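This report covers two topics: an interface between chains, and a sheet with its packing helix. Please view the structure alongside the text.

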Amino acid sequence: MSSLFGARVQRVEDDRLIRGRGAYLDDLGADALAAAFVRSPYAHARITGIDVSAALEVEGVAAIYTHADLPDRLGQPLPLLIPHPDLTHGRTPYPLAKEEVNHVGEAVAMVVAADRYLAEDAADLVDVSYAELPAVVGIEAAREAADLVHPDVPGNRAANSVQEHGDAAAVIAAAPRRLELDLHIERSASTPLEGRGVLARWDEHAGQLRLWTSTQTSTGVRAAVAARLGLALTDVDVITPDVGGGFGVKIVHPWPEEVLVPWAARLLGRPVKFTEDRREHFIASAHERAQLHHVTVGFDDDGRIRGLSVRFWHDNGAYVPYGLIVPIVTSTQLLGPYKPDAYRVEFDSLYTNTVLVTPYRGAGRPHGCFVMERTIDAIAAELGLDRTVVRERNFIQPGEMPYDQGLMFQDGRPLSYDSGDYPALLAKLKQLIGWDEFAARKQAAAAAGRRLGIGLACYVEGTGVGPYEGGHVLVETSGKVKVATGLTTQGQGHQTVLAQLVADELGVPLGDIEVVTGDTRRFGYAVGTFASRTAVMSGSAVTLAARKAREKALRVAANALEVSADDLVIEDGIVHVKGDPDAGMSLGTVAVLSNPLRYAFDEAAAAATQFAGGGDLTRPPVAEDDEPGIEGRAYFSPVRSTFASGMHAAIVATDPDTAEVTILRYCVVHDCGRLINPRIVEGQIHGGVAQGVAGALYERMAYDEYGQLQNASFMDFLMPYVSEVPRQIEIDHLETPSPLNPLGVKGAGEAGVIPGAAVLAAAIEDAEGIAITSMPISPSDLFELRRGAGA
Amino acid sequence: MTGEELHEVALTVNGTARTARVPARRLLSDCIRHDLGLTGTHVGCEHGVCGACTVLLDGAPVRSCLLLAVSADGCDITTVEGLAAGDGTLSPVQQAFAECHGLQCGFCTPGFLTTITAGLKANPEPDDEQAREMVGGNLCRCTGYQNIVASVHRAAELTRAAGLAPRPGAPA
């Protein structure tokens with residue numbers, strides 16, 4: 001059987017989804033009560049009173065809860081999931097606001113009613129009185145700290161963090177040339193088409209909770225909910241249904257709703273469901289991206305970077321449940337494929353009275369890439385050198401791998417690149433976009449009154465972050481193979497990719513394999529889906545688990561066929577002697593043989609009963625060191641992350657009159673190690689590029705000075721339609737295997753989004769001859785820049 | 001607050017006569033999903049922008065989140081569940097999405113499938129500009145639309161191959 005590794009296999013998940021048979025959160029729980037939330041209309045206020053009496057009169061209302069109703073453990077602030085020594089002033093929200101609200105959208109009361117319409121009717125009648133406090137909005141206001149978000153957090157500063165290798169200040173001072181830049185990225189958000197949602201059923205007789213949630217980590221939610229509700233882990237099951245996109249926002253847990261809904265379900269003895277609406281998703285989930293950066297760089301006349309110092313300010317919103325992951329990723333991934341002699345980075349993570357900030361696809365990397373690539377372009381401009389030449393002169397070379405950047409990465413481990421070939425990537429990119437031919441094209445266009453520009457950007461992405469994932473592979477007596485891994489799926493095609501790997505290992509047809517993700521009943525130990533880690537982590541784990549199952553199957557079959565296991569192969573679900581397809585048995589039969597039974601409940605079982613004959617009567621039916629069944633369980637825990645890389649280039653036209661930016665070409669070269677399924681990798685890149693373009697040209701969270709989000713709808717938040725994304729995304733791959741996992745793979749889920757802002761800023765700058773230092777850039781922004789430049 | 005007055009709504013949904021008793025304010029999308037139990041139609045924004053809830057109302061694509069169920073009384077509705085043939089054979093549009101990797105998370109997909117089904121009926125042979133225009137009112141956060149546009153072309157091709165819609169001007 002030919003290998004499925006590397007094949008453009010059609011997705012096995014699609015048949016259900018295109019027939020309308022998907023089961024997303026709100027498709028479940030037809031019998032459940034509906035929860036709706038009363039949310040703060042103010043960015044910053046003290047709660048002076050809550051009157052629920054009128055709301056309780058609404059027909060169909062089952063209960064209304066405020067903070068005062070929450071039992072002790074549930075009334076505490078939600079956990080700070082990822083503590084860090086630099087996070088000296090970590091603050092997290094209460095599930096329902098206690099005395100103060102810190103952003104518009106913060107939950108103040110929960111209404112449970114017969115349906116959502118009635119729940120919202122009642123929510124409208126909950127009368128909350130507020131005493132408004134000054135709102136801190138934007139990084140400048142947070143930094144200035146004239147007003148405080150949390151009275152006990154001086155300077156609005158949640159954290160200050162410094163990393164350095166070498167003496168950057170001294171190296172920069174000694175460098176022949178120096179530049180300083182201020183660079184800014186605004187807020188955007190993951191914005192999956194399906195918002196958050198949670199459904200809970202409490203089984204009073206069993207004393208057990210079953211929870212469905214649209215999450216990126218079912219095991220994380222399970223542990224958090226068990227802890228907050230005072231339940232044993234074994235009494236809580238968390239099941240991830242089909243999830244309508246995540247992109248980071250659904251890794252945060254537990255959301256207030258994820259603890260309140262099961263608590264209410266238990267209290268009321270009825271299933272309860274919460275389905276977030278679009279406005280709620282804008283104001284009550286999480287955003288990302290807003291950072292201000294100040295760069296000082298010292299370099300020589302050849303463009304070689306000697307010292308780099310980056311000071312930046314990160315807007316973490318009202319609370320920091322997910323710790324410092326985003327700014328830490330910016331700090332470390334900013335360096336990309338380059339190797340300055342010395343590097344210093346310092347950031348402040350600042351509170352504002354806005355929605356909290358947690359990772360969104362790319363998670364700090366788009367900002368870091370923007371900062372580094374804008375800096376390199378500035379060096380090239382200063383020296384009059386081609387932008388690709390300056391990059392080449394600063395690349396880490398393939399022979400220098402593994403390359404230790406001398407910093408600590410987001411996983412608390414050394415930032416050490418495992419493999420990569422950056423010069424080869426750049427050569428491919430130049431070829432793909434026609435870099436060397438562009439000058440002539442630009443000139444010809446200019447002669448015809450058109451402004452064209454070209455830009456490129458490079459990135460290195462730490463993927464496959466630990467600590468571990470596991471896999472379980474079980475061969476049923478039907479010959480069907482059941483695979484489970486604990487992390488969750490939001491549309492990435494995990495069922496297909498993991499089935500491809502198991503099919504290759506076990507020698508069974510793809511159609512005989514079923515993969516389950518994110519169901520704690522099937523696999524209890526897992527971390528979650530983030531940091532482009534599924535192929536690396538669960539891919540490796542299910543491969544190792546399938547190997548164990550295969551070993552067992554060969555041993556059992558060898559015994560039955562009285563041959564050596566070394567002489568056996570498994571092809572198309574049949575274990576047989578090499579070169580003799582007739583001397584064999586199906587994997588299903590092997591599974592029957594592996595499990596001595598007492599009861600004959602079907603034909604396969606009858607063949608395995610005590611009286612079916614055979615076997616050595618002097619030995620126990622199951623040997624002391626053996627187990628019944630053909631299954632394998634394995635965990636994969638790499639020593640550190642594996643580093644994917646890539647480079648994008650774009651050609652844009654800027655309209656001389658309207659300042660509209662049109663992307664004429666968008667090229668991607670991408671190295672995520674060995675490709676398991678190129679079709680799926682390309683799909684991930686397409687989606688990432690669309691989000692990159694969105695963050696560069698369209699999407700921003702428009703807060704006013706009072707902390708009101710002015711564009712909290714799809715009408716006003718400019719998420720791209722087909723008309724806003726490049727007509728064609730041209731892709732070329734390079735495959736530099738990772739030495740850190742058995743598959744040689746690296747993550748691919750986030751890559752497409754990372755260089756978007758950097759590459760488009762560079763292309764617009766090239767077209768306009770005006771420095772582009774802040775993204776996203778709208779036609780109005782560009783128009784104003786032109787006026788400012790007198791262009 | 002007293003109970004709401006309920007109204008009987010009679011619909012033909014995917015060829016089957018259905019009725020529901022709903023308050024006047026019940027959205028058609030909620031009626032289809034929660035009263036009729038056809039959860040393939042998804043709700044992404046509830047303000048008519050994303051197109052995930054698109055169904056065919058008397059053959060025309062409409063946003064079911066912008067219609068009240070009572071206003072659809074007497075109408076013929078096709079949802080994503082009604083696109084495949086009675087024997088389960090996928091429609092050309094569904095087939096094309098599977099072949100072209102036209103979906104990832106699948107949440108927006110039902111709206112694209114219904115929209116394109118109607119679009120190809122109106123224009124069986126769209127050029128690239130027309131294919132993009134056909135899906136220009138629906139949001140997808142996963143695919144970057146590349147494989148959705150490819151799916152439109154492939155669906156047109158499959159429709160022609162199945163003889164469902166002869167090429168205009170082709171010999172009879």
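## Interface of chains A and B

The model is predicted. In it, 47 residues of chain B are in contact with 46 residues of chain A. Three elements give two or more residues to the side of chain B that touches chain A: helix 2 (92-99), helix 3 (109-122) and helix 5 (146-161), each of chain B. Helix 2 of chain B gives the most, with four residues.

What is the make-up of the side of chain B that touches chain A? Its residues comprise 21 nonpolar, 20 polar and six charged.

## A three-stranded sheet in chain A

Chain A holds an open sheet of three strands. The order is 22-23-24, and the pairing is antiparallel. Why do strand 22 (568-571) and strand 24 (580-586) of chain A each have one side without a neighbour in the sheet? Both stand at the edges and have a single partner strand each, so one side of each stays free of a neighbour there. From one strand to the next, the twist averages 35°.

Four bridges join strand 22 and strand 23 (residues 574-577) of chain A in the antiparallel sense. I570(A) has V575(A), in strand 23 of chain A, as its bridge partner.

## The helix on the sheet

Which helix packs on this sheet? Helix 15 (residues 534-561) of chain A does, touching strand 22, strand 23 and strand 24 of chain A. The direction of helix 15 makes about 120° with that of strand 22 of chain A.

Methods:
Residues numbered from 1 in each chain as written. Chains lettered and ligands numbered in written order. Predicted model: local features only at pLDDT ≥ 70, side-chain atom pairs only at ≥ 80, totals over all residues. Contact = placed C-beta atoms within 7 Å. Nonpolar A, V, L, I, M, F, W, Y, C, P; charged D, E, K, R; others polar. Pairing = 2+ DSSP bridges. Axes fitted to C-alpha atoms, helices over the stretch in contact; angles between N-to-C directions.
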